[in-house]
Amino acid sequence: MRLILFGPPGAGKGTQADFIREKYGVEHISTGDVLREAVKNGTEVGLYAKSFMDKGELVPDEVVTEIIRQKISTLGEAGFMLDGFPRTLEQAKCLEDILTGAGAAIDAVIFLEVPDQEVIQRIIRRQKIEGRQDDTEDLIKNRLRVYKDQTSPLKDFYEGTGVLHAVEGVGEISDIAVRVEGVLKNL
Ligand code: AMP
C-alpha cells in the first residue's frame, strides 16, 4: 500500500498515520520529522532547511525530493505513507517519476478536510502541550497561506489521477480513523 496523507498543517495527519501504521504495518515517512531531526543534529541540510522552516516557508523542492528519493529507495517492496509530502506540484511530479522508475504508483491520497479556524486552534493547543516554539500565530497564518497557495492545488492533480479520497477530519480522533479505514479497506 502506497499512501499520501494530505491536508493543511494541524489536520491530524500524524495522528492518523499512527493508526494506519499499527493496522497495516506500512512505513510512515514525514518530511517534517526528517527535517526537524536534521536541524537538531546540525547537519548541512538541517542548517539550510532551518531558515525556511523558521519562517513557515517551504524548504526548496530539490532538498525534500532528495530526502524522499533516498527513503523510498531503502524500502524495497514495503508499503509506505507519506505525511507532509508532496507539498508542491513539482514535488508531486518528482514523486511520480521516482515511483514510475520503480514500477509503482500511489494507491490513495487521503485528504483530511478541516476548516481553517479549527486548524488554527489545534495548532495553538499543540504549541501549548508540546512547547513547540515554531508555532507562533504569525507563523501559523503563514503556514496556512503557503498551504493554500502552493499545496492545495495538488487536490486537483490527484483528483485527476483518480486517487483522491476526501475524509472529514473533524470530530473524535477514533471516528476519523474509522472514516480513513473505510477508504483503505476498499482499495
Ligand atoms: P510539517 O511538520 O510537515 O508541518 O513540516 C514542518 C516544516 O518543514 C514545514 O513548515 C516546511 O518548512 C518544512 N517541510 C516539511 N515537508 C516539506 C515539503 N514536502 N516541502 C517543503 N518543505 C517541507
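# Ligand Shell and Aromatic Pairs

Guide: Let us begin at V59, where a backbone N or O atom lies 3.0 Å from a nitrogen atom of the ligand. Taken alone, the ligand exposes 480 Å², of which the protein buries 93%; accessible areas come from the Shrake-Rupley method with a 1.4 Å probe, and for residues only the protein chains shown count as cover. The model is predicted, so local features need pLDDT of at least 70 and side-chain atom pairs count only at pLDDT 80 or more, while totals for chains, interfaces and linings use all residues. Residues are numbered from 1 along each chain as its sequence is written, and side-chain values use heavy atoms, with hydrogens and water left out.

Visitor: What makes the pair H28 and D83 a polar contact?

Guide: A polar contact is a pair of N or O atoms within 3.5 Å; within protein, one must be able to donate a hydrogen and the other to accept it, and residues adjacent in sequence count only if both atoms are side-chain atoms. The side chains of H28 and D83 are 2.8 Å apart, and therefore meet the distance limit. H28 lies in strand 2 (residues 27-30); strands (E, at least two residues) and helices (H or I, at least four) are DSSP runs, numbered from the N terminus.

Visitor: Why is the pair F6 and F111 called tilted?

Guide: A pair of aromatic rings is described by the distance of the centres and the angle of the planes. Rings of Phe, Tyr and Trp (its six-membered ring) pair if their centres lie within 6.5 Å; planes under 30 degrees apart count as stacked, over 60 as edge-to-face and the rest as tilted. For F6 and F111 the centres are 5.6 Å apart and the planes 55° apart, so the pair is tilted. F6 is in strand 1 (residues 2-6) and F111 in strand 4 (residues 108-113), 105 residues apart.

Visitor: What makes the pair Y48 and F52 edge-to-face?

Guide: The centres of Y48 and F52 are 5.3 Å apart and the planes 75° apart, so the angle passes the edge-to-face limit. Y48 and F52 both lie in helix 3 (residues 44-53), four residues apart, about one turn of the helix.

Visitor: Is F6 buried or exposed, and how do you know?

Guide: Buried means under 20% relative accessible area, exposed over 50%, and partly exposed in between (1.4 Å probe, protein chains only). F6 has 3% relative accessibility and is therefore buried.

Visitor: Why is Y48 called partly exposed?

Guide: Y48 has 41% relative accessibility, which falls in between the two limits, so Y48 is partly exposed.
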